[in-house]
Structures are given as structure tokens and as C-alpha cells.
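Subject: Structure for your review

Dear colleague,

Please find below the structure that I am handing over to you. A summary of what was found in it follows.

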Amino acid sequence: PQPPLAPVDTSHLDSPPKPKLVEDWPKVKHSFGQVTAVTIDLQGNPVIFHRGSRTWTMESFNESHHYQHIAEGPIPENTIATLAAADGAVLEERGAGIFYMPHGLTIDRNGNMWLTDVALHQVFKFMPGRDYPAITLGHRFEPGSSKSHLCKPTAVAIASTGEIFVADGYCNSRLLKFNAAGRLIRTIPQPPEFLSLQTPHGLTLLEHLDMVCVADRENMRVVCPRAGLQTSYGEGTQAATIQEPDLGRVFDVAAYGDLVYAINGPTSPMIPVRGFTIDPRSETIIDHWGKFENPHSITFCPNGSAMYVTEIGPNRVWKFTLTIPLRGAFLSRVRPPQRCSSEQHQPLHIGDHDLALERADMIPHANTNIRRTRATTETTDGGIPARKEHTPGTDRV
């Protein structure tokens with residue numbers, strides 16, 4: 001395992017790092033389905049999770065959140081694609097014939113791949129080079145709110161302690177914290193926690209601040225309760241809350257040093273769809289950047305050299321570099337660049353990669369495996385409300 005990255009003090013910056021779009025990236029044209037998630041592999045390349053020829057429609061789920069198209073089988077195309085950081089070319093594809101409705105993806109510091117499927121109501125951990133999951137959370141096609149059930153889980157964040165945070169999700173609107181073996185150890189919120197979530201849609205960890213920040217989508221805010229990684233002291237205390245009129249419906253968040261970068265989605269004609277830079281300690285938005293249509297996920301290279309944002313209609317991946325203003329040299333505890341390209345040479349810590357332990361006592365479904373190929377995928381566009389009470393065309397799933 002790699003040693004944990006040191007936390008970064010950004011107090012020496014005159015202003016927060018500003019994302020700048022890489023205009024000619026990718027250099028090749030892609031045909032992806034709805035790109036729901038992006039993360040970074042151990043070689044510093046972006047890895048995306050997409051839906052191939054499948055889309056989430058009003059007919060996908062019934063009122064009790066059961067997936068209605070099981071008979072169609074899993075998505076036949078590859079749903080996971082590794083892109084070259086340099087030019088965006090597809091390096092590898094996998095995941096055909098496994099997933100029904102992809103949503104969340106993260107790769108931890110050991111190269112383990114964590115994925116969520118909202119139709120299966122499950123979270124999977126795939127170890128490097130393995131075709132079957134080492135951990136499976138939730139029951140196949142069974143939505144529920146018990147300790148062992150999930151309901152349309154949206155995202156996963158992995159701590160350096162190995163602890164697993166799951167955003168659960170569209171139905172239960174809660175966070176679940178598991179130990180590294182997949183045993184539930186905490187539910188957020190729980191008494192005496194005065195916190196009400198409504199569709200937690202994205203997660204990121206600021207371990208050095210002991211925060212787990214949540215894209216609380218339908219509450220149109222970012223909330224950061226205590227993660228409880230070093231001690232349980234402070235768990236249940238008031239969460240840091242960032243909620244301002246122009247924030248809109250927040251789809252995803254990513255930590256960068258002491259800051260959180262967030263993306264919103266279509267909310268109203270008066271609220272631009274763009275990115276935000278947030279200081280969770282002061283609970284304020286300190287910068288705005290970018291212009292999007294339907295962004296769904298965001299991630300950083302651990303060395304701070306690049307940031308990626310994905311959209312679901314148009315189905316694509318955007319790459320940004322970061323302009324970092326300095327008053328002087330970076331603090332000596334900042335580690336040298338690693339895991340990503342060196343377009344910028346001022347690394348900052350992300351803080352959400354893990355030391356996950358392995359679990360051998362969970363038997364996966366026989367069809368749940370990862371098969372690597374280089375076949376191309378078909379494209380599909382669009383998306384519809386995840387919650388029926390919202391205006392069609394203004395919500396993305």
C-alpha cells in the first residue's frame with residue numbers, strides 16, 4: 001500500500017485554484033452512453049462509468065423502486081472505460097453484461113474499483129485483476145431500508161483507514177459507514193443528529209478535517225458532517241452547511257486540499273449550471289467556474305494536475321487544468337506529483353483513497369464479473385427526472 005498523502009494547507013494561496021478548460025481534449029471522438037461517474041486510476045488516467053445503450057426513464061422503476069426491465073438483461077456494451085490522460089484515447093474497456101443502471105465509481109489508493117448500480121441496489125468492490133467482487137453491499141434487485149439493504153445507492157468514498165462511506169441514495173436519503181470488511185458501523189443521520197438529507201448524490205472525504213462532504217441534491221446544498229475517522233467524538237454534532245441562492249441542485253463534490261469543488265445541475269432558468277469552489281470551514285462559496293448542460297460527476301488527480309467533469313447529455317468528459325496563485329513556495333509537507341500528468345507542478349491532496357482490507361466471505365452473483373475488452377460502445381443521450389415531482393427535463397439521474 002502507498003503511504004497516506006499528507007494534508008495540504010492552502011492558507012498560502014491568494015485565491016483558490018481556478019479550473020481552466022483544456023480546449024482540445026479529448027483529441028479523439030467518443031461514443032459513450034450517459035457518463036455518470038469519473039475517477040482516477042493508479043496510473044493517473046481518468047476512468048469513466050457509463051450506461052451504454054441504456055437510459056433512465058420514467059418507466060425504469062415502479063413506485064416501490066423496483067427496476068422494471070430486468071428481463072432485458074444487463075447492458076450488453078462495455079460500461080467502464082479507461083482514457084489516456086494525455087489525449088483522451090480509450091486505453092481499455094470492460095464491464096459488458098454486468099450492470100443494469102450504472103451510477104457511481106471510485107478507485108481507491110490500492111487500485112480497488114468501487115461501483116454502484118441503482119437498478120441492482122448494490123455496491124461492488126472489484127480488486128485489481130479480479131473478475132468477481134470482493135465485497136457486495138445490498139441485495140440484488142431488492143430495494144430496502146434495513147441495515148443490509150440499499151435503495152438506489154449513488155456514490156462511494158473510501159477513507160485511508162479502509163472505512164467505506166455509501167450515499168444511499170435516491171430512496172433512503174442516508175449515508176452508511178462500513179468498516180473495511182463491509183460491516184455497517186454507523187448511519188448518518190442518526191439521533192441526536194439534526195440533519196435531513198434529500199437525495200445524497202455525491203461524496204468526498206476531507207480526512208484531515210474529519211469531514212465527509214455530501215452533495216445534498218434536492219436540498220440544494222453541500223453538507224459536511226463529521227466522518228469519525230480518528231475518533232467518534234463529535235459524531236452527531238452540527239454539520240457544516242453550504243447553501244446559497246445560486247448553488248442550485250448539487251450533483252457531485254470533490255475535495256482539493258481544504259476546499260471542496262462542486263457541480264450543480266439544471267435547477268431553474270435563473271440559476272446557471274456551473275462549478276463552485278467551497279470552503280467548508282467558513283461554510284461559504286468562494287469562487288465560480290465553468291459552464292455546463294448536465295454535469296453529473298467530478299474528480300481530481302491526486303497531484304492536482306487535472307480535474308475531470310462528466311455530463312449525461314451531452315455524454316462526454318471535460319478536462320481542466322488548475323491555475324494556482326502562490327505567495328511563495330508550497331509547504332514542505334506537500335508531496336511531489338504522483339499518479340497524474342505533470343502539467344501543473346503544485347500538488348494538493350485529495351484525501352479520499354483507502355487502505356481497504358479484503359473480504360472473502362461474501363459470495364457474489366455468478367454473473368457479476370469484470371471482463372476486459374477493447375470493443376467500442378454505442379452512444380445514447382438524454383435523461384429524465386429521478387423524482388416524479390420535478391419538472392420533466394430539469395432533472396438528471
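What is the accessible surface of the chain, and what percentage of it belongs to carbon and sulfur atoms? The accessible surface comes to about 15,000 Å², and carbon and sulfur atoms account for 53% of that area. Please note that this is a predicted model.

**The chain as a whole**

The chain has 397 residues, of which 62% count as buried. Its secondary structure consists of 25 strands and 0 helices. Of the contacts between residues at least 6 apart in sequence, 58% join residues at least 24 apart.

**An open sheet**

Four strands form an open sheet in the order S1-S24-S23-S22, with antiparallel pairing. Strand S1 (18-21) and strand S22 (295-300) stand at the edges; each has a single partner strand, so one side of each is left without a neighbour in the sheet. From one strand to the next, the twist averages 30 degrees. As a general point, the strands of a sheet pair through backbone hydrogen bonds. Between S22 and strand S23 (residues 307-311) there are 5 bridges, and Ile 298 has Val 309 in S23 as its bridge partner.

**A hairpin and an annotated repeat**

The UniProt annotation "repeat: NHL", from an unreviewed entry, covers residues 88-129 and 142-181. Over residues 142-181 the chain is 40% strand and 0% helix, and the C-alpha atoms at the two ends are 22 Å apart.

Strand S10 (residues 153-158) is mostly covered, as 6 of its 6 residues are buried. S10 runs antiparallel to strand S11 (residues 164-168), and 5 bridges join the two; Val 156, for instance, has Val 166 in S11 as its bridge partner. S10 and S11 form a hairpin with 5 residues between them, and Gly 162 in the turn has a positive phi of about 95 degrees.

**The disulfides**

How many disulfides does a search of the whole structure find? The search finds 2.

One disulfide joins Cys 151 to Cys 171, with an S to S distance of 2.1 Å. Cys 151 is in the loop between strand S9 (135-137) and S10, while Cys 171 is in the loop between S11 and strand S12 (174-178), 20 residues apart. This link is left-handed, with -70 degrees about the S-S bond. Cys 151 counts as buried because its relative accessibility is 4%, whereas Cys 171, at 24%, counts as partly exposed.

Another disulfide joins Cys 213 to Cys 224. Cys 213 lies in strand S15 (residues 211-216) and Cys 224 in strand S16 (residues 221-224), so the pair ties together parts that are 11 residues apart in sequence. This link is right-handed, with 110 degrees about the S-S bond.

Yours sincerely

Conventions:
Residues are numbered from 1 along each chain as its sequence is written. This is a predicted model: local features need pLDDT of at least 70, side-chain atom pairs count only at pLDDT 80 or more; totals for chains, interfaces and linings use all residues. Side-chain values use heavy atoms; hydrogens and water are left out. Buried means under 20% relative accessible area, exposed over 50%, partly exposed in between (1.4 Å probe, protein chains only). Contact means heavy atoms within 4.5 Å. Accessible areas come from the Shrake-Rupley method with a 1.4 Å probe; for residues, only the protein chains shown count as cover. Two strands pair if DSSP finds at least two bridges between them. Axes are lines fitted to C-alpha atoms, for helices over the stretch in contact, and angles run from 0 to 180 degrees between N-to-C directions. UniProt positions are given in the numbering used here, feature names are shortened, and annotations may be inferred rather than shown by experiment. A disulfide is a pair of cysteine sulfur atoms within 2.5 Å.
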